[in-house]
Amino acid sequence: MSTDYFDAKMSSLRVLVVDDEPILRNLVEHALKSMGIKNISMAADGKKALQIYDVSDQTFDLIICDWIMPKMNGLEVLRQIRGRNRGSKFL
């Protein structure tokens, strides 16, 4: 498989990062960008993550979510997203 194919696949991924700690969100964003992923949505809490998920016109390929957050914990966020599942993968 060529690196051009890999680069194109990585750059087309859609990722949602959910974490209440700005430093961790930025760290994850930097790591994803260094891998060539360009379409990254960020949420500081579970309620915001669900809003982003609900208004998105496409599915996310990957959702990275913190477990311990205010307003709504990560487990509840993922349960609610699974209930709306449009093909996202969960870590």
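Is Lys71 buried or exposed in this predicted model? The legends below begin with that residue and then move to the sheet, its central strand, the aromatic pair and the nonpolar cores.

**View 1. Lys71 in the loop between β3 and α4.** At a relative accessibility of 63%, Lys71 counts as exposed, because the cut-off for that class is over 50%. The backbone at Lys71 has a positive phi of about 70 degrees, although the residue is not a glycine. As with every other view here, the close-up is taken from a predicted model.

**View 2. The open, three-stranded sheet with its parallel pairing.** The strands follow the order β2-β1-β3, and the edge positions are held by β2 (39-43) and β3 (62-65), each of which pairs on one side only. From one strand to the next, the twist averages 15 degrees. Strand β1 (residues 14-18) is joined to β3 by four bridges, and five bridges join β1 to β2. Two positions help to place the strands against each other: Arg14 stands opposite Asn39 in β2, while Val18 has Cys65 of β3 as its bridge partner. Helix α2 (residues 22-34) lies across β1, β2 and β3, and runs at about 175 degrees to β2.

**View 3. Side chains along β1 and β3.** In a regular strand the side chains alternate between the two faces of the sheet. In β1, Arg14, Leu16 and Val18 point one way, whereas Val15 and Val17 point the other way, and all of these residues are buried. Strand β1 is thus mostly covered, with five of its five residues buried. Along β3 the side chains also alternate, but here Ile63 and Cys65 point to one face and are buried, while Leu62 and Ile64 point to the other face and are not buried.

**View 4. The aromatic pair formed by Tyr53 and Phe60.** A pair of aromatic rings is described by the distance of the centres and the angle of the planes. For Tyr53 and Phe60 the centre-to-centre distance is 6.1 Å and the angle between the planes is 25 degrees, and the pair is classed as stacked. The count of aromatic pairs comes to one. Tyr53 has a relative accessibility of 0% and so counts as buried, and Phe60, with a relative accessible area of 1%, is buried as well. Arg14, from strand β1, lies over the face of Phe60 at 4.7 Å from the ring centre.

**View 5. The largest nonpolar core, with 15 residues, and a second, separate core.** In soluble globular proteins, nonpolar side chains tend to be buried together. Within the largest core, the residues with the most contacts are Leu16, Val18, Ile63, Cys65 and Val77. At least two residues of this core come from each of β1, α3 (46-55), β3 and α4 (74-83), and α3 gives the most, with four residues. A second, separate core has six residues, among them Val17, Leu32, Ile37 and Ile40.

**View 6. The contacts of Leu16.** Leaving aside neighbours within four places in sequence, Leu16 is in contact with Ser41, Ala49, Ile52, Phe60, Leu62, Ile63 and Ile64. Of these partners, Phe60 is also a member of the stacked pair with Tyr53, and Ile63 is one of the residues with the most contacts inside the largest core.

Terms used. Residues numbered from 1 in each chain as written. Predicted model: local features only at pLDDT ≥ 70, side-chain atom pairs only at ≥ 80, totals over all residues. Heavy atoms only, no water. Pairing = 2+ DSSP bridges. Axes fitted to C-alpha atoms, helices over the stretch in contact; angles between N-to-C directions. Contact = heavy atoms within 4.5 Å. Phe/Tyr/Trp six-rings, centres within 6.5 Å; stacked < 30°, edge-to-face > 60°. Buried < 20%, exposed > 50% of the residue type's maximum accessible area, 1.4 Å probe, protein only. Lys NZ or Arg CZ within 6 Å of the ring centre and 35° of its normal. Core = buried A, V, L, I, M, F, W, Y, C linked by side-chain atoms within 4.5 Å.
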